[in-house]
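Hi,

Here is the structure I said I would pass on to you. Have a look at it first, and then read on for what turned up.

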Amino acid sequence: MRHSLIGLLFLLVISLPSGNGLFGHDGIQIRTCTALKGKCFFGCRVGWTWVSFCHNILSCCVKMLKNNPPQVDEY
């Protein structure tokens, strides 16, 4: 039973793409992160920089203004 729960949790975690999970492409707005001019994601998207944590598992990310990687244009 224990291995089944661990396996299920693992499948749920890897099925959430970085930055595009349950909350869509725009992230969510939490007051502490919005004060830093950022948005909260499960992981920072390409072209965004990690700033801090939003609650326990979300990451506060700020959009990069210069030196963006070429993968940013693919989204």
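Below are my notes, going from confidence to strands, disulfides, aromatic pairs and a few odd backbone angles.

Bear in mind that this is a predicted model. The average pLDDT over the chain is 76, and 75% of the residues reach at least 70. Helix α1 (residues 2-14) has the lowest confidence, with a mean of 73, while β2 has the highest, at 89.

**Strands**

β3 pairs with two partners, so to speak, and here they are in turn. With β1 the pairing is antiparallel and runs over three bridges; Phe41 faces Ser59 of β3 there. With β2 (residues 48-54) it is antiparallel too, this time through six bridges, and Cys54 sits opposite Leu58 of β3. The β2-β3 hairpin has three residues between its strands, and His55 in that hairpin has a positive phi near 60°.

Two residues of β3 are worth clicking on:

- Ser59 is in strand β3 and counts as buried, at 9% relative accessibility. Its side chain makes a polar contact of 3.3 Å with the side chain of Trp50. Leaving aside residues up to four places away in sequence, Ser59 touches a list that includes Lys39, Cys40, Phe42, Ser52 and Cys54.
- Lys63 is also in strand β3, but this one is exposed, at 52% relative accessibility. Its contacts, again not counting residues up to four places away in sequence, are Gly47 and Trp48. From Lys63 to Cys44 the C-alpha distance is 9.3 Å, with their positions 19 residues apart in sequence.

**Disulfides**

How many disulfides are there? The count comes to three. Taking the bonded cysteines in sequence order, they pair as 1-5, 2-4, 3-6.

- Cys33 and Cys60 have their sulfur atoms 2.0 Å apart, and the link is right-handed, with 85° about the S-S bond. Cys33 belongs to helix α2 and Cys60 to strand β3, so this disulfide ties together parts 27 residues apart in sequence. Both Cys33 and Cys60 are buried.
- Cys40 and Cys54 are joined with an S to S distance of 2.0 Å. The torsion about their S-S bond is about -75°, so this disulfide is left-handed. It links Cys40 in strand β1 with Cys54 in strand β2, 14 residues apart. Cys40 and Cys54 are both buried.
- Cys44 and Cys61 are joined as well, again with S to S at 2.0 Å. At -90° about the S-S bond, the link of Cys44 and Cys61 is left-handed. Cys44 is in the loop between β1 and β2 and Cys61 is in strand β3, so the pair connects parts 17 residues apart in sequence. As for accessibility, Cys44 is partly exposed at 23%, whereas Cys61 is buried at 0%.

**Aromatic pairs**

There are two aromatic pairs. In one of them, the ring centres of Phe41 and Trp48 are 5.2 Å apart and the planes make an angle of 75°; over 60 counts as edge-to-face, so that is what this pair is. Phe41 and Trp48 are both buried. The other pair is Trp50 with Phe53, where the centres are 5.2 Å apart and the planes are at 75°, so it is edge-to-face. Here Trp50 is partly exposed, with a relative accessibility of 43%, and Phe53 is exposed, at 53%.

**Backbone angles**

Some background for this part: most residues other than glycine have a negative phi. Besides His55 in the hairpin, two more entries belong here.

- Lys37 is not a glycine, yet its phi is positive, at about 60°. You will find Lys37 in the loop between α2 (31-34) and β1 (39-41), where it is exposed, with a relative accessibility of 72%.
- Asn67 has a positive phi near 60° as well, and is likewise a residue other than glycine. Asn67 belongs to the segment after β3 (58-63) and is exposed, with a relative accessible area of 67%.

If you open just one spot, try Ser59 in strand β3: Phe41 stands opposite it, and the polar contact to Trp50 is there too.

Cheers

Definitions and conventions:
Residues are numbered from 1 along each chain as its sequence is written. This is a predicted model: local features need pLDDT of at least 70, side-chain atom pairs count only at pLDDT 80 or more; totals for chains, interfaces and linings use all residues. Side-chain values use heavy atoms; hydrogens and water are left out. Rings of Phe, Tyr and Trp (its six-membered ring) pair if their centres lie within 6.5 Å; planes under 30 degrees apart count as stacked, over 60 as edge-to-face and the rest as tilted. Buried means under 20% relative accessible area, exposed over 50%, partly exposed in between (1.4 Å probe, protein chains only). Helices (H or I, at least four residues) and strands (E, at least two) are DSSP runs, numbered from the N terminus. Two strands pair if DSSP finds at least two bridges between them. pLDDT is the predictor's confidence in each residue, from 0 to 100. Contact means heavy atoms within 4.5 Å. A polar contact is a pair of N or O atoms within 3.5 Å; within protein, one must be able to donate a hydrogen and the other to accept it, and residues adjacent in sequence count only if both atoms are side-chain atoms. A disulfide is a pair of cysteine sulfur atoms within 2.5 Å.
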